[in-house]
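Trainee: Got a minute to go through this one with me? I'd like to start with the helices and then hop around a bit.
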Amino acid sequence: MASKHTVVLMSGGIDSAATVAICKDDASTLAGLFIDYGQSARDSEWEAAQRIAEHFAINVARLKLSLEMSSRGGEYFGRNAHFVLTAAASSAERPLAIALGIHSQCPYYDTTPLFSKHMQRLLDGYSGGEVTLIAPFLSYTKKEVIEFAEMNDVPIRMTYSCEHQNSPACGQCPSCQDRRLVNAI
């Protein structure tokens with residue numbers, strides 16, 4: 001990853017915060033990108049993304065999408081693909097690495113090794129190999145991401161994850177349930 005500009009897709013959650021930490025020492029320049037796609041918790045997520053960026057001394061930009069993404073059962077169709085392509089299209093820097101904090105055991109296609117492979121092929125087609133997708137936690141479980149975060153100065157308490165509302169978190173959604181692992185470790 002050396003000599004690349006890296007953009008971390010930041011949600012304000014543990015996974016993207018850990019992704020900033022793992023990319024911090026390997027990128028020549030590092031920045032965050034928060035995408036507001038109309039999600040219910042966008043205000044709390046944005047505040048968390050800003051706190052995390054300040055902690056790691058990086059800039060984070062906020063980009064508001066003008067389209068409304070549809071959701072079914074907690075999954076936003078094409079969300080991560082849209083985010084990766086948006087990050088690539090919004091940066092003129094080359095070579096460029098786009099870092100995405102996805103991990104194993106998620107039920108969605110856009111969190112799988114196959115998705116990463118397909119996205120890289122698409123990025124190669126558009127950029128001639130100058131844009132790469134980095135998914136450093138692709139083989140990690142959520143518990144392993146949290147363990148990494150705890151051992152690597154990731155400010156877990158500054159993060160926010162809830163699929164249903166701004167602070168206070170609902171405590172019931174899958175993201176809130178995942179946060180219970182923090183207390184269990």
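Trainee: OK, which residues of α2 are buried?
Mentor: Keep in mind that this is a predicted model. The buried residues of α2 are S44, E45, W46, A48, A49, I52, A53 and F56.
Trainee: And what covers the buried residues of α2?
Mentor: The cover includes helix α1, along with the strands β2 (29–36) and β3 (59–64).
Trainee: How far does α2 reach from its first C-alpha to its last?
Mentor: Helix α2 runs over residues 42–56, which is 15 residues, and reaches 21 Å. That is close to the 21 Å expected at 1.5 Å a residue.
Trainee: What about the backbone just after α2, at A57?
Mentor: A57 takes a positive phi there, about 60°.
Trainee: Back to α1, then. How many of its residues are buried?
Mentor: Nine of the 11 residues in helix α1 (residues 14–24) are buried, so the helix is largely enclosed by the rest of the structure. The buried ones are I14, D15, S16, A17, A18, T19, V20, A21 and C23.
Trainee: Let me pick S16 from that helix. Why does S16 count as buried?
Mentor: Its relative accessibility is 4%, and buried means under 20%, so S16 counts as buried.
Trainee: What is S16 in contact with, leaving aside its neighbours within four places in sequence?
Mentor: S16 is in contact with V8, L9, M10 and S11.
Trainee: Changing topic: how do the axes of α3 and α4 cross?
Mentor: Helix α3 (residues 79–89) and helix α4 (residues 113–127) have axes that come within 11 Å and cross at roughly 30°. Angles under 35 degrees count as roughly parallel, so that is what α3 and α4 are to each other.
Trainee: Left-handed or right-handed crossing?
Mentor: The crossing of α3 and α4 is right-handed.
Trainee: Which residues meet there, between α3 and α4?
Mentor: From α3 you have N80, A81, V84, L85 and A88, and they meet F115, M119, L122 and L123 in α4.
Trainee: Now the rings. How many aromatic pairs are there?
Mentor: The count comes to five aromatic pairs. In one pair, the rings of F137 and Y140 have centres 4.9 Å apart and planes at 85°, so the pair is edge-to-face.
Trainee: Are those two buried or exposed, F137 and Y140?
Mentor: F137 counts as buried at 1% relative accessibility, while Y140 counts as partly exposed at 26%.
Trainee: And which aromatic cluster do F137 and Y140 form part of?
Mentor: F137, Y140 and F148 form one aromatic cluster.
Trainee: Let's do the backbone oddities. Where is there a cis peptide bond?
Mentor: One joins R94 and P95, with omega at about -5°. P95 lies in the loop between α3 and β6 (96–99). Another cis peptide bond joins S167 and P168, with omega at about 5°. That P168 is in the loop between α5 (142–151) and α6 (174–184).
Trainee: What about Q105, what is its phi?
Mentor: Phi of Q105 is near 75°, a positive value in a residue other than glycine. Q105 is placed in the loop between β6 and α4, and Q105 is exposed, with a relative accessible area of 66%.
Trainee: And where does D153 lie?
Mentor: D153 lies in the loop between α5 and α6. D153 is not a glycine but has a positive phi of about 60°, and D153 is exposed at a relative accessible area of 54%.

Note on methods. Residues numbered from 1 in each chain as written. Predicted model: local features only at pLDDT ≥ 70, side-chain atom pairs only at ≥ 80, totals over all residues. Heavy atoms only, no water. Buried < 20%, exposed > 50% of the residue type's maximum accessible area, 1.4 Å probe, protein only. Helix = DSSP H or I, 4+ residues; strand = E, 2+ residues; numbered from the N terminus. Expected span 1.5 Å × (residues − 1). Contact = heavy atoms within 4.5 Å. Phe/Tyr/Trp six-rings, centres within 6.5 Å; stacked < 30°, edge-to-face > 60°. Axes fitted to C-alpha atoms, helices over the stretch in contact; angles between N-to-C directions. Parallel < 35°, antiparallel > 145°, perpendicular 65-115°, else oblique. Left-handed = near helix turned anticlockwise from the far one by under 90°.
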